[in-house]
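Me: I have a new structure open and would like to learn how to read it. Could you walk me through some of its features?

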Amino acid sequence: MMAIIGKFSGAALQLSLTALLALVLPAYYVYKLTTYLVGAVFPEDVAGKAVLITGASSGIGEHLAYEYAKRGAYLVLVARREMSLREVGDRALALGSPGVLVLPADVSKPDECEKVIDDTIRFFGRLDHLVNNASIWQVCKFEEVEDVNHFRTLMDINFWGHVYPTRLAIPHLRKTHGRIVGVTSNSSFIFIGRNTFYNASKAAALNFYDTLRMELGGDIRITEVVPGVVESEITKGKILTKEGEMKVDQDERDAILGPTPVERVGDFARTVVRDVCRGARYVFEPRWYMGVYLLRVCLPEVLAWNSRLLTVSRVGTSTTDTLGKRLLDSPGIRRLAQPPSLRSPEIKDQ
């Protein structure tokens, strides 16, 4: 009897929520359109403000720095490779930044994060935007992992590397009514095969920002950036292997990404900084990934079947011989899907 009552109650609740959505959605979309237009007409002026960017030595972080520089922001550039950071800093100055502070550091270490925040305040006297971008990529099926402890490094950077700087920056961001920009991944909601730990780390970061936004209540604004496949060292094939080693493996890269179109990083960064300054809560880029998100919500079985078909199931003898890679190797497809930079395995090493 109780089971029958429970089923009827559940059905009644679903009908009630559907009716409520029909009433609320029109007003909600009017509100969203209004805030979008206000942000587009009156974007935040970041000229003279201090912006801290982690993972700034290459890829997305590097080009976000250039876009902030064009808008006249002071920059604090953080990553482990000092020489690459200095090259980015020099170019940012040439593009219009009035000042750049280069701080080599490992964001997975709390003491180094504390020094970064302290040096930022000591040098610029303020912090307005914290851009958490540091990330590494893992590729292998879960059952192939030799030691799960190898992937603690991935969680330390992709999750804790967002948490530590954020916790330390919050008191300073409150003073400036600043903004946190968390760069996560479409992997936070799409189950991409052979990315078990990476997907989990990005989902953890996304939920961290969602919850933190609610807790802060508007004192500090938060924008979550959800990249699709974007030109970077990760999409060049720089991965954390199942043995716990960092290396470039473009066969593994191709086995997962297949013929997915790769967005040029300059275009991506330009869109992100524009939308951040407009006050966006979320930035899905490329925009068509919002359709994949809807597929995840409405037809998760279809998304899982498609992911397994393209990235997990073999069509040959090698573990990297997937259907996605076969499609990429079809005549002319690689040239259409990948920018020239991704066809070279060379990455910055210093």
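Reply: Gladly! Let's begin with one residue and its neighbours. Leaving aside residues up to four places away in sequence, Glu263 touches Val229, Val230, Glu231, Phe268, Glu285 and Pro286. Keep in mind as we go that this is a predicted model.

Me: Where is Glu263 found, and is Glu263 buried or exposed?

Reply: Glu263 is found in the loop between H7 and helix H8 (265–277). To judge burial, we look at relative accessible area, where under 20% means buried. Glu263 has 14%, so Glu263 is buried. A residue can also be compared with a partner elsewhere in the sequence: Glu263 and Gly228 are 35 residues apart in sequence, and their C-alpha atoms are 8.0 Å apart in space.

Me: You listed Glu285 and Pro286 among the contacts of Glu263. What kind of peptide bond joins Glu285 and Pro286?

Reply: The angle to read here is omega. For Glu285 and Pro286 omega is about 0 degrees, and the bond is a cis peptide bond. Pro286 has its place in the loop between strand E9 (282–285) and H9.

Me: Let's turn to helices. How do I check the length of helix H3 (residues 82–95)?

Reply: Take 1.5 Å a residue and compare the expected span with the distance between the end C-alpha atoms. The 14 residues of H3 should span 20 Å, and the end C-alpha atoms are 20 Å apart, which agrees.

Me: Which residues of H3 are buried?

Reply: They are Ser84, Leu85, Val88, Gly89 and Ala92. Around the axis these residues cover an arc of only 140 degrees, so they sit on the same side of H3. The face turned away from that buried side carries the exposed residues Asp90 and Ala94.

Me: What covers the buried residues of H3?

Reply: The cover includes helix H2 (59–70), strand E2 (74–79) and strand E3 (100–104). After H3 comes Gly96, whose phi is positive, near 130 degrees.

Me: Which residues that are not glycines have a positive phi?

Reply: Two examples are worth a look. His177 has a positive phi of about 50 degrees, and Arg194 has a positive phi of about 70 degrees. His177 is found in the loop between helix H5 (152–176) and E5, while Arg194 lies in the loop between E5 and H6. As for accessibility, His177 counts as partly exposed at 40%, whereas Arg194 is buried at 5%.

Me: Can we try the helix reading again on H10 (residues 300–311)?

Reply: Of course. With 12 residues at 1.5 Å a residue, H10 should span 16 Å, and the end C-alpha atoms are 16 Å apart, which agrees. The buried residues of H10 are Leu303, Ser307 and Thr311. Seen down the axis, these fall within an arc of 30 degrees, so they line one face of the helix. The face turned away from the buried side carries the exposed residues Glu301, Trp305 and Arg308.

Me: Which helices do the buried residues of H10 pack against?

Reply: They pack against helix H7 (250–257) and helix H9 (289–298).

Me: What does the side chain of Thr311 reach?

Reply: For polar contacts, we look at pairs of N or O atoms and their distance. The side chain of Thr311 reaches the backbone oxygen of Ser307 at 2.6 Å and the backbone nitrogen of Gly193 at 3.4 Å. Thr311 counts as buried, at 4% relative accessibility. Leaving out residues up to four places away in sequence, Thr311 touches Gly193, Arg194, Ala255, Ile256 and Thr322.

Me: Finally, how many helices and strands does the chain have?

Reply: The chain comes to 12 helices and nine strands. The radius of gyration is 21 Å, close to the 20 Å that the globule rule gives for 350 residues, so the chain is as compact as a globular protein of that length. Along its principal axes, the C-alpha trace spans about 65 × 55 × 40 Å. Buried residues make up 48% of the 350 residues. Among contacts between residues at least 6 apart in sequence, 73% join residues at least 24 apart.

Key: Residues numbered from 1 in each chain as written. Predicted model: local features only at pLDDT ≥ 70, side-chain atom pairs only at ≥ 80, totals over all residues. Heavy atoms only, no water. Helix = DSSP H or I, 4+ residues; strand = E, 2+ residues; numbered from the N terminus. Expected span 1.5 Å × (residues − 1). Buried < 20%, exposed > 50% of the residue type's maximum accessible area, 1.4 Å probe, protein only. Arc of directions from axis to C-beta. Contact = heavy atoms within 4.5 Å. Rg over C-alpha atoms; globule rule 2.2 N^0.38 Å. Polar contact = N/O pair within 3.5 Å; in protein donor to acceptor, adjacent residues only side chain to side chain.
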